[in-house]
Amino acid sequence: MAINDEGEIRELLDQPRRIAVVGASPNPARASNEVLGFLVAQGHDVIAVNPGHAGKTIHGAPVVATLANVEPPAELVDIFRNSDDAGTAVDEAIVHGAKAVWMQMGVINDAAAKRANAAGLTVVMDRCPMVEVPRL
């Protein structure tokens, strides 16, 4: 299932990674916008996924329409979707070839986590990297 070990979570975030943020918003009032900016500031290679804003940038990160448009593939897919819709994003991350999926605070989908685990992905659920990095 989802990892809860702080060492494993730290390992996911302690080195620069290619991260796709699914559901990224250009609206500064949205959590996805703030977290995307935080990940960019941490030195990660961030790609925003939002079909309504494809071709633009958010905090300097390019925006693409779908996870399939992220080339080369992202290592980590950070999901800003509700718990039900997170399952679709997890399935896309599996097909995409991601190594890990991260479901944000309040996003819990055990069935999707099981599918991701079965496909060999690391899963983090109900956590936020912007909270975890300073804490760890």
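**Notebook: charged residues and the sheet**

I began with D5, which is partly exposed at a relative accessible area of 42%. (Buried is under 20% relative accessible area, exposed is over 50%, and partly exposed lies in between, with a 1.4 Å probe and protein chains only.) The model is predicted: local features need pLDDT of at least 70 and side-chain atom pairs pLDDT 80 or more, while totals for chains, interfaces and linings use all residues. Residues are numbered from 1 along each chain as its sequence is written, and side-chain values use heavy atoms, without hydrogens or water.

**Entry 1: the patch**

I looked up where D5 sits. D5 is in the segment before helix 1 (6-13). (Helices, H or I of at least four residues, and strands, E of at least two, are DSSP runs numbered from the N terminus.) D5 joins E8, E11 and D14 in a negative surface patch. (Patch residues have over 30% relative accessible area and no salt bridge, with like charges joined within 9 Å; Asp and Glu count as negative.)

**Entry 2: salt bridges**

I then asked how many salt bridges there are. The count comes to 6. (A salt bridge is a side-chain nitrogen of Lys or Arg within 4 Å of a carboxyl oxygen of Asp or Glu.)

I took E6 and R135 to start. Their salt bridge has its closest N and O atoms 2.7 Å apart. The pair links distant parts of the chain, since E6 is in helix 1 and R135 in helix 5 (residues 129-135), 129 residues apart. E6 is partly exposed at 36% relative accessibility. R135 is also partly exposed, at 41%.

R115 and D91 came next. Their side chains form a salt bridge at 2.7 Å, N to O. R115 belongs to helix 4 (residues 110-118) and D91 to helix 3 (residues 83-96), so this pair ties together parts 24 residues apart in sequence. R115 is partly exposed at 35% relative accessibility, and D91 is partly exposed at 33%.

Are E132 and R127 buried or exposed? E132 is buried, with a relative accessible area of 5%. R127 is buried too, at 15%. The two side chains meet in a salt bridge of 3.2 Å, N to O. I traced the shared partners: E6, R127, E132 and R135 are joined into one network of salt bridges.

**Entry 3: the sheet**

I moved on to the strands. What is their order in the sheet? An open sheet of 7 strands runs 3-4-2-1-5-6-7, with mixed pairing. Strand 3 (57-58) and strand 7 (122-124) are at the edges with a single partner strand each, so each has one side without a neighbour in the sheet. (Two strands pair if DSSP finds at least two bridges between them.)

I checked strand 1 (residues 18-22) against strand 2. They pair in the parallel sense over 5 bridges. V22 has V49 of strand 2 as its bridge partner. A20 stands opposite I47, also in strand 2.

Both strands are mostly covered. In strand 1, 5 of 5 residues are buried. In strand 2 (residues 45-49), 4 of 5 are buried.

Side chains of a regular strand alternate between the two faces of the sheet. I looked for this in strand 1. R18, A20 and V22 point one way, I19 and V21 the other, and all are buried.

My last check was strand 5 (residues 76-79) with strand 6 (residues 100-103). They pair in the parallel sense over 4 bridges. V77 has V101 of strand 6 as its bridge partner.

Notes:
Patches are made of residues with over 30% relative accessible area and no salt bridge: like charges are joined within 9 Å, nonpolar side chains (Val, Leu, Ile, Met, Phe, Trp, Tyr) within 5 Å. Accessible areas come from the Shrake-Rupley method with a 1.4 Å probe; for residues, only the protein chains shown count as cover. The place of a charge is taken as NZ of Lys, CZ of Arg, CG of Asp or CD of Glu.
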